[in-house]
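Trainee: I am new to this structure and would like to be guided through it. Could we begin with the vocabulary?

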Amino acid sequence: SNTYGGCGDISRNVMTPPVSFPNNPAYEYCGQYARAMAELFKPMTQAFYEIWLDGQPADKTEYWQRDIGKEQLGVDLDEVRTEDRGNGIITGHTIEPLYGRTYLPKKFKIAFTVPGDNGVDLYINDIGCVVILEPDGKTLKGFNIVVGGGMGRTHKAEQTFARAASHLGFAPKEHFFEAMKAILAVQRDHGNREVRSNARLKYLVHTLGIDDFRTLTEKYYGRRFEPWVPLPEWKYLDWMGWHEQGDGRWMLGVNVEQGRVRDTPELRLKTGLRKVVDTFPGVDLTLTPSQSVVLRNIAHADRENLESLLRFHGVETDVAQIDPITRKSIACPAFPLC
């Protein structure tokens, strides 16, 4: 998604698995609706353009918006953003219909995934959404929704704590965007604006309890959430190593320790990745939730040469050789980037 409000009290980012499969509709819907939510909840203020682009808007659609137009999605997100059903979601502010004049009490994070794939760590987000298909395995039915997760806490401050998200319920696809708007509006209107360390949605869900939070949200939603759809057991999938893509091509997950893409005497990762995209046309890179990289759209005939090129630059492509703790480790960039 975009970075218009990288450190703002808005929906900062929307996470999704770093893979998609042309023959797996669940992953395709997952990516599409994650991009749609990034667009729907982006701030509408022109401040970004005024500060960074001399007041001029971007002159073309961003590449990640390719499949969220009205023709592909079935709805116009600009119309969805301003649609007022009279339940208190729309603020009346002329620029920010969802956020209003004061935006949210604190940052807001969303994740999408498919049943079984918990590579995004669904339960540590303000909102988590799970794609649910119809029995035909092809048609989108709707989404299971969890709310109130987060890992942040302040040392020795017992009033702050990590919390796993709670099951809110199921929303059919035709009401999904309104359900998401309702959750955001509840946090906007009822989140703690007095104590910033307790301003995340997880504290509101904890204080009210999930049942009362659901009842409050349904007042904004204008309908009841349907029961949670049972799911298979979750698995942590980081998509490292080789995987078939489902269209005759392959993808390769490359571990990036602590997310540091750089060159050292032993490991020339930055140069190696650049050489890959320059040498193999059509190959692109996707960042993963664990700060690694997935190389996509690799032709079968190019597998050996691509792997040799990475190894020449010191990049380990055999995930069995990577220490499991190293493989799962991540790091905050902190100074000078925070």
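Mentor: Buried means under 20% relative accessible area, exposed means over 50%, and partly exposed lies in between, with a 1.4 Å probe and protein chains only. By that scale glutamine 258, with a relative accessible area of 28%, is partly exposed.

Trainee: What kind of model is this?

Mentor: This is a predicted model, in which local features need pLDDT of at least 70 and side-chain atom pairs count only at pLDDT 80 or more, while totals for chains, interfaces and linings use all residues. Residues are numbered from 1 along each chain as its sequence is written, and side-chain values use heavy atoms, with hydrogens and water left out.

Trainee: How many helices and strands does the protein chain have?

Mentor: The protein chain has ten helices and nine strands. Helices (H or I, at least four residues) and strands (E, at least two) are DSSP runs, numbered from the N terminus. The radius of gyration of the chain is 21 Å, close to the 20 Å that the globule rule gives for 338 residues, so the chain is as compact as a globular protein of that length. That radius is taken over C-alpha atoms, and the rule is 2.2 Å times the number of residues to the power 0.38.

Trainee: What box do the C-alpha atoms fill? And what share of the residues is buried?

Mentor: Along the principal axes, the C-alpha atoms fill a box of roughly 60 × 50 × 45 Å. Of the 338 residues, 45% count as buried.

Trainee: What share of the contacts joins residues at least 24 apart?

Mentor: Contact means heavy atoms within 4.5 Å. Among contacts between residues at least 6 apart in sequence, 66% join residues at least 24 apart.

Trainee: Let us turn to the strands. Which strand pairs with S7 over four bridges and also with S8?

Mentor: That is S9: strand S7 (residues 250-254) pairs with S9 in the antiparallel sense over four bridges, and four bridges also join strand S8 (residues 284-287) to S9, again antiparallel. Two strands pair if DSSP finds at least two bridges between them. Between S7 and S9, tryptophan 250 stands opposite isoleucine 298, and glycine 253 has valine 294 as its bridge partner. On the S8 side, leucine 287 is partnered with valine 293 in S9.

Trainee: What pairs with S7 besides S9?

Mentor: Strand S6 (residues 241-244) is joined to S7 by four bridges, and the two run antiparallel. Histidine 243 stands opposite methionine 251 in S7, and glutamate 244 stands opposite tryptophan 250.

Trainee: Are these strands buried or exposed?

Mentor: Six of the six residues of S9 (residues 293-298) are buried, so S9 is largely enclosed by the rest of the structure. S7 is mostly covered, with five of its five residues buried. In a regular strand the side chains alternate between the two faces of the sheet. In S7 both faces are covered: Trp250, Leu252 and Val254 lie on one side, Met251 and Gly253 on the other, and all are buried.

Trainee: Which turns have a positive phi?

Mentor: S8 and S9 form a hairpin with five residues between them, and glutamine 291 in that turn has a positive phi of about 65 degrees. S6 and S7 also form a hairpin with five residues between them, where glycine 246 in the turn has a positive phi of about 100 degrees.

Trainee: Where else does a positive phi occur?

Mentor: Most residues other than glycine have a negative phi. Tryptophan 239 has a positive phi of about 60 degrees although it is not a glycine. Tryptophan 239 lies in the loop between helix H7 (210-221) and S6, and it is buried, with a relative accessible area of 13%. Glutamine 258, also not a glycine, has a positive phi of about 55 degrees and is found in the loop between S7 and helix H8 (269-279).

Trainee: A change of topic: what does histidine 175 touch?

Mentor: Not counting residues up to four places away in sequence, histidine 175 touches Arg85, Tyr221 and Arg223. Histidine 175 is in the loop between strand S5 (166-172) and helix H5 (176-190), and at 18% relative accessibility it counts as buried.

Trainee: And which residues are in contact with asparagine 87?

Mentor: Leaving aside neighbours within four places in sequence, asparagine 87 is in contact with Lys219, Tyr220, Tyr221 and Gly222. Asparagine 87 lies in the loop between helix H4 (77-82) and strand S2 (108-113).
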